[in-house]
Amino acid sequence: MASNSTLEIESGAQVKASNVGATGKLSVNGRLVVGGINAGDVTFSSIFSAPSNTSWNGIIFNAGSSSLIKGLTIKDAKDALNYVSSNINLENVLLSNNKTAVKAFGSSSVIKAENVMFENNVTNKSPSGLW
């Protein structure tokens, strides 16, 4: 998404992706707003019926992007949330069955991380994989 744009995803939305080459990710250059309340109100996951923890590439927040993420569940991603010099703002989020749940690079900093739950994620690198 473009740097001057905002993508708002409302409660009840289900976003499905697959990992085809370098695609299969949401690349945020502008602002992403996820408007759920409880974890699972909005779900990002794989299109596959038998997904793995690399079925899609996840969400990348590029330098200068911003986010307000509430009530989101992300499943089956290689890197569920990947922040590159972008602020982390999470509330009521479940990260499940991902290879890496959260990565942060550059000048990324935590604005808010409240009620963030981790379930069956595999992190095999440090320090890039936080959870």
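This section describes the strand pairing, the nonpolar core, the charged and aromatic pairs and one loop residue of a predicted model.

In the predicted model, four strands are arranged as an open sheet in the order β3-β6-β9-β11, with parallel pairing. The edges of this sheet are formed by β3 and β11, each of which pairs on one side only, and from one strand to the next the twist averages 10°. Between β3 and β6 the parallel pairing extends over 4 bridges; within this pairing, K25 has G58 of β6 as its bridge partner, and L26 stands opposite I59, also in β6. On the connection between β6 and β9, which likewise run parallel, 3 bridges are found, and here I60 has N82 in β9 as its bridge partner. In a regular strand the side chains alternate between the two faces of the sheet.

The largest nonpolar core comprises 24 residues, and those with the most contacts inside it are F44, I59, I74 and L81. At least two residues of this core are supplied by each of β3 (25-28), β4, β5, β6 (58-61), β8 (72-75), β9 (79-84), β10 (88-96) and β11 (100-105), and the largest share, 4 residues, comes from β10. The surroundings of I59 illustrate how such a residue is placed: when residues up to four places away in sequence are not counted, I59 touches L26, V28, L32, F44, I74, D79, A80, L81 and N82. This list includes F44, I74 and L81, which are themselves among the residues with the most contacts inside the core, and it also includes L26, the residue that stands opposite I59 in the pairing with β6. In soluble globular proteins, nonpolar side chains tend to be buried together.

Charged side chains contribute a further set of links, and the count of salt bridges comes to 3. One of them joins K103 to D79, with the closest N and O atoms 3.4 Å apart; because K103 lies in strand β11 and D79 in strand β9, this pair ties together parts that are 24 residues apart in sequence. Both partners fall under the 20% limit for burial, K103 counting as buried at 15% relative accessibility and D79 counting as buried at 10%. D79 is also one of the residues touched by I59, a residue with many of its listed contacts drawn from the strands named above. The other two salt bridges share K112: the closest N and O atoms are 2.9 Å apart in the bridge with E91 and 3.9 Å apart in the bridge with E114. Since K112 lies in strand β12 (residues 110-119) and E91 in strand β10, the former pair ties together parts that are 21 residues apart in sequence. E91, K112 and E114 are thereby linked in a network of salt bridges. Within this network, K112 is partly exposed at 31% relative accessibility and E114 is partly exposed with a relative accessible area of 41%, whereas E91 counts as buried at 15%. Side chains of opposite charge can pair when their charged atoms come close.

The structure also holds 2 aromatic pairs. One of these is formed by F61 and Y83, whose rings are stacked at 4.7 Å centre to centre with 10° between the planes. With F61 in strand β6 and Y83 in strand β9, the pair ties together parts that are 22 residues apart in sequence, and both F61 and Y83 are buried. The strands that carry these two rings are joined by the 3 parallel bridges already described.

Outside the strands, N38 lies in the loop between β4 (31-35) and β5 (42-46). This residue is partly exposed, with a relative accessible area of 46%. Leaving aside neighbours within four places in sequence, N38 is in contact with G71, L72 and N92. By contrast with these contacts, the C-alpha atoms of N38 and F105, 67 residues apart along the chain, are separated by 27 Å.

Technical notes:
Residues are numbered from 1 along each chain as its sequence is written. This is a predicted model: local features need pLDDT of at least 70, side-chain atom pairs count only at pLDDT 80 or more; totals for chains, interfaces and linings use all residues. Side-chain values use heavy atoms; hydrogens and water are left out. Buried means under 20% relative accessible area, exposed over 50%, partly exposed in between (1.4 Å probe, protein chains only). Contact means heavy atoms within 4.5 Å. A nonpolar core is a set of buried Ala, Val, Leu, Ile, Met, Phe, Trp, Tyr and Cys residues joined through side-chain atoms within 4.5 Å. A salt bridge is a side-chain nitrogen of Lys or Arg within 4 Å of a carboxyl oxygen of Asp or Glu. Two strands pair if DSSP finds at least two bridges between them. Axes are lines fitted to C-alpha atoms, for helices over the stretch in contact, and angles run from 0 to 180 degrees between N-to-C directions. Rings of Phe, Tyr and Trp (its six-membered ring) pair if their centres lie within 6.5 Å; planes under 30 degrees apart count as stacked, over 60 as edge-to-face and the rest as tilted.
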